[in-house]
Amino acid sequence: MSKGKLFVISGPSGTGKGTICKELLSRSDSMRLSISMTTRGPREGEVHGVHYFFAERDEFISLINEGGFIEYADVYGNFYGTPKKQVEAWLDDGDDVLLEIDVQGAIQVKKNYPDSVLIFVLPPSIKVLRERLEGRGTDSAQVIEKRMGGALGEISLIGEYDYSVVNDNLEEAVEAVEAVIRVEHLKLTGESAEEIAGRYRQEV
Ligand code: 5GP
């Protein structure tokens with residue numbers, strides 16, 4: 001069985017990348033979403049093991065030292081990381097895995113998994129991004145300012161990505177990401193030319 005593919009989705013917070021990921025998962029039986037570990041405290045409604053694995057700083061650092069993360073980064077003063085074990089098990093089972101992580105993490109993933117596919121979700125404009133963050137009502141004015149500054153920095157690193165999708169309309173954005181996933185599966189990267197030709201030769 002061929003291995004699954006690793007898809008990374010990033011973009012400034014407020015671009016709707018979380019909603020896009022949720023939609024992708026509900027429309028596919030072979031796509032898994034990695035649950036990150038973070039040292040940030042849970043927001044209202046967030047559940048341990050569903051939205052994140054919430055951890056203390058020393059627990060997080062122990063896992064870094066054990067080589068337990070595919071990638072990790074300090075985002076707005078908190079650690080966030082992708083635990084390695086589950087992701088590799090899914091890939092070995094032939095499932096695709098979606099990582100919703102920041103730009104620093106995406107760059108590490110590409111380095112360690114060159115076949116991974118990096119997709120950047122853009123907001124239609126900075127004005128819309130601000131409106132979405134304010135409308136969400138989950139962050140203080142100070143945090144929103146920090147995230148707005150961070151957004152421009154993240155967008156300036158878009159050159160590290162393979163694809164970009166503007167989330168103006170959710171349905172169109174989801175369809176665009178689905179198209180990327182389909183195309184990536186058609187690429188001749190998994191099986192070697194010799195293996196493919198060999199399968200056909202056997203039939204002759
Ligand atoms: P939030 O605090 O809003 O849930 O997430 C803040 C940022 O951290 C988002 O850009 C999110 O994509 C990113 N993030 C979440 N999990 C991970 C992770 O495992 N690794 C990295 N590098 N970034 C993450």
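Visitor: How far does a polar side-chain atom of Tyr80 lie from an oxygen atom of the ligand?

Guide: A polar contact is read from the distance between N or O atoms, with a cut-off of 3.5 Å. In this predicted model, a polar side-chain atom of Tyr80 is 2.5 Å from a ligand oxygen atom. Gly81 takes part through its backbone, where a polar atom is 3.1 Å from an oxygen atom of the ligand. Thr82 uses a polar side-chain atom, 3.5 Å from a ligand oxygen.

Visitor: How much of the ligand's accessible area does the protein cover?

Guide: Cover is read against the area of the ligand on its own, which is 520 Å² here; the protein covers 94% of that. The space the ligand takes is the largest pocket.

Visitor: Which residues around the ligand come nearest?

Guide: A shell is read residue by residue, with a cut-off of 4 Å between heavy atoms. Sixteen residues surround the ligand here, and Ser36, Arg40, Tyr52, Tyr80 and Asp102 come nearest. By class, the shell holds seven charged, five nonpolar and four polar residues. Strands β5 (69-75) and β6 (78-83) each contribute at least two residues to the shell.

Visitor: How many helices and strands are there in the chain, and why is it called as compact as a globular protein of its length?

Guide: The chain has eight helices and nine strands. Its radius of gyration is 18 Å, close to the 17 Å that the globule rule gives for 204 residues, so the chain is as compact as a globular protein of that length. The C-alpha trace spans about 70 × 40 × 30 Å along its principal axes.

Notes: Residues are numbered from 1 along each chain as its sequence is written. This is a predicted model: local features need pLDDT of at least 70, side-chain atom pairs count only at pLDDT 80 or more; totals for chains, interfaces and linings use all residues. Side-chain values use heavy atoms; hydrogens and water are left out. A polar contact is a pair of N or O atoms within 3.5 Å; within protein, one must be able to donate a hydrogen and the other to accept it, and residues adjacent in sequence count only if both atoms are side-chain atoms. Accessible areas come from the Shrake-Rupley method with a 1.4 Å probe; for residues, only the protein chains shown count as cover. On a 1 Å grid over the protein atoms alone, a cavity is a set of points where a 1.4 Å probe fits but cannot get out, and a pocket is an open set with protein on both sides within 12 Å along at least five of seven lines; lining residues have an atom within 4 Å of a point. A molecule sits in a cavity or pocket if more than half of its atoms lie within 2 Å of its grid points. Helices (H or I, at least four residues) and strands (E, at least two) are DSSP runs, numbered from the N terminus. Ala, Val, Leu, Ile, Met, Phe, Trp, Tyr, Cys and Pro count as nonpolar, Asp, Glu, Lys and Arg as charged, and the others, Gly among them, as polar. The radius of gyration is taken over C-alpha atoms; the globule rule is 2.2 Å times the number of residues to the power 0.38.
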